[in-house]
Amino acid sequence: MKQKMVNISANTVVRNTKKSDFMKLGNILIIDGSSRKNGFTKKQLEFLKENVDCENITVYEAYKNKFEFCDGCNFCEANEKCKFSDLDEFFERFENADLIVFASPIYNGSFSSPLKALIDRFQFYYTYFYKHNKTQKITKRRMGVLLTSSGRVGEKWLSIMEEQLKFAFSILNIEFIGSALCNFTDTTPDIEKVEKEIKNILERIEQL
Ligand SMILES: Cc1cc2nc3c(=O)[nH]c(=O)nc-3n(C[C@H](O)[C@H](O)[C@H](O)COP(=O)(O)O)c2cc1C
């Protein structure tokens, strides 16, 4: 089905979101940027999995899957794909998921290293976007959420991470639904707060 396009600014072409695009959560891709088995990011993912109505959930563990780093070679500029093929299967799932969950501990005010490295590997989507008059390479509109954990107070870092993701999402054809943050994991983790935030996100998804 051909999607309706809408112009939102001078020469930016984005694909329009229709209610029906999000009616069914057929499959979810979780991008897990945490390494601690019993960490608070994993706890949030467990909570989300228990509470979401979806049978097909894929978890991509960024720490376990070794992949190449983007080295800025510009191969993608001319070839519209990355010179590395190690993430081809990941990208297929990424393009076809209905909901993508980015989960990361807050490390030095930002994403954990493998998650940042993975976001850099989206570079071929960005070069396509600018080469084709700001048209998104991915035709399917998906939803995206961000789950984070911080040792101390993390709101400031969360807002920076949100900004980074929202920019990427605008090129990757993802609608930002919301974020959750488990604060003070070093001392008194606020589990109740973060579970409420995850429930709110899931409710928002249901209402779309
Ligand atoms: C390398 C590193 C950097 C960190 N940087 C921050 C930080 O900038 N701010 C903060 O509040 N906590 C920081 N922390 C603490 C983690 O955010 C905290 O332990 C969090 O619970 C980790 O997520 P996890 O429980 O899912 O492993 C850092 C921890 C590590 C190991």
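**Exercise 1. Determine which residues phenylalanine 102 touches, leaving aside those up to four places away in sequence, and place this residue in the core.**

Solution. In this predicted model, phenylalanine 102 is in contact with Ile31, Leu115, Gly144, Leu146 and Leu165, once residues up to four places away in sequence are set aside. The next step is to look at the largest nonpolar core, which holds 41 residues; Phe102 belongs to the group with the most contacts inside that core, together with Ile31, Ile100 and Val101. As a general background, nonpolar side chains in soluble globular proteins tend to be buried together. For the chain as a whole, buried residues make up 31% of the 208 residues.

**Exercise 2. Work out the strand order of the open five-stranded sheet, and explain why β4 and β7 each have one side without a neighbour in the sheet.**

Solution. Begin with the order, which is β4-β3-β5-β6-β7, with the strands paired in parallel. Strands β4 (56–61) and β7 (174–182) stand at the edges and have a single partner strand each, so one side of each is left without a neighbour in the sheet. From one strand to the next, the twist averages 15°. Turning to one pair within the sheet, β5 (residues 99–105) and β6 (residues 142–149) are joined in the parallel sense over seven bridges, and serine 104 stands opposite threonine 148 of β6. Finally, helix α1 (residues 40–51) lies across β3 (27–32), β4, β5, β6 and β7, and runs at about 155° to β5.

**Exercise 3. Identify the buried residues of helix α5 and the helices against which they pack.**

Solution. Within α5 (residues 123–131), the buried residues are Phe124, Tyr125, Thr127 and Phe129. Following their contacts outward, one finds that the buried residues of α5 pack against α2 (75–79) and α6 (155–172). After the helix comes asparagine 133, whose phi is positive, near 50°.

**Exercise 4. Describe the shell of residues around the ligand, stating how many there are, how they divide by character and which element contributes the largest share.**

Solution. Counting comes first: 17 residues surround the ligand, and the closest are Gly39, Thr41, Pro105, Gly151 and Thr185. Sorted by character, the shell comprises four nonpolar, ten polar and three charged residues. Sorted by element, the largest share, three residues, is supplied by α1, the helix that also lies across β3, β4, β5, β6 and β7.

Notes: Residues are numbered from 1 along each chain as its sequence is written. This is a predicted model: local features need pLDDT of at least 70, side-chain atom pairs count only at pLDDT 80 or more; totals for chains, interfaces and linings use all residues. Two strands pair if DSSP finds at least two bridges between them. Helices (H or I, at least four residues) and strands (E, at least two) are DSSP runs, numbered from the N terminus. Axes are lines fitted to C-alpha atoms, for helices over the stretch in contact, and angles run from 0 to 180 degrees between N-to-C directions. Two residues are in contact if their C-beta atoms, placed from the backbone, lie within 7 Å. A residue is buried if 20 or more other C-beta atoms lie within 10 Å of its own, exposed if 12 or fewer, and partly exposed in between; C-beta atoms are placed from the backbone. A nonpolar core is a set of buried Ala, Val, Leu, Ile, Met, Phe, Trp, Tyr and Cys residues joined through C-beta atoms within 7 Å. A residue is near a molecule or strand if its C-beta atom, placed from the backbone, lies within 6 Å of it. Ala, Val, Leu, Ile, Met, Phe, Trp, Tyr, Cys and Pro count as nonpolar, Asp, Glu, Lys and Arg as charged, and the others, Gly among them, as polar.
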